[in-house]
Amino acid sequence: MQNLSKEELMKVQGGGITLGTGLLIGAGIVFLIGVIDGYIRPLRCN
């Protein structure tokens, strides 16, 4: 195993969740909650 120098460590790019990915995951969760809620307690349209 090889140790990295401080300069090499500063160059390392890590993968992160971008804003678009976070919004997509959040929208999917909200959609699934809505589907489950509509199935469990259906409400009539006025």
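A salt bridge here is a side-chain nitrogen of Lys or Arg within 4 Å of a carboxyl oxygen of Asp or Glu. Select Arg41 and Asp37, whose side chains meet in such a salt bridge, at 2.7 Å from N to O; the structure holds 1 salt bridge.

The model is predicted, with local features needing pLDDT of at least 70 and side-chain atom pairs counting only at pLDDT 80 or more, while totals for chains, interfaces and linings use all residues. Residues are numbered from 1 along each chain as its sequence is written, and side-chain values use heavy atoms, leaving out hydrogens and water.

Stay on Asp37, which is partly exposed because its relative accessible area is 34%, where buried means under 20%, exposed over 50% and partly exposed in between (1.4 Å probe, protein chains only).

Next, select Phe31, which lies in helix α2, residues 19-40, and which counts as exposed because its relative accessibility is 57%. Add Leu32, Val35, Ile36, Tyr39 and Ile40, which together with Phe31 form a nonpolar patch on the surface with about 740 Å² of accessible area. Such a patch takes residues with over 30% relative accessible area and no salt bridge, with nonpolar side chains (Val, Leu, Ile, Met, Phe, Trp, Tyr) joined within 5 Å and like charges within 9 Å.

Finally, show the whole protein chain, which has 2 helices and 0 strands, these being DSSP runs (H or I, at least four residues, for helices; E, at least two, for strands). Its C-alpha atoms fill a box of roughly 65 × 20 × 10 Å along the principal axes, and 0% of its 46 residues count as buried.

How values were computed:
Accessible areas come from the Shrake-Rupley method with a 1.4 Å probe; for residues, only the protein chains shown count as cover.
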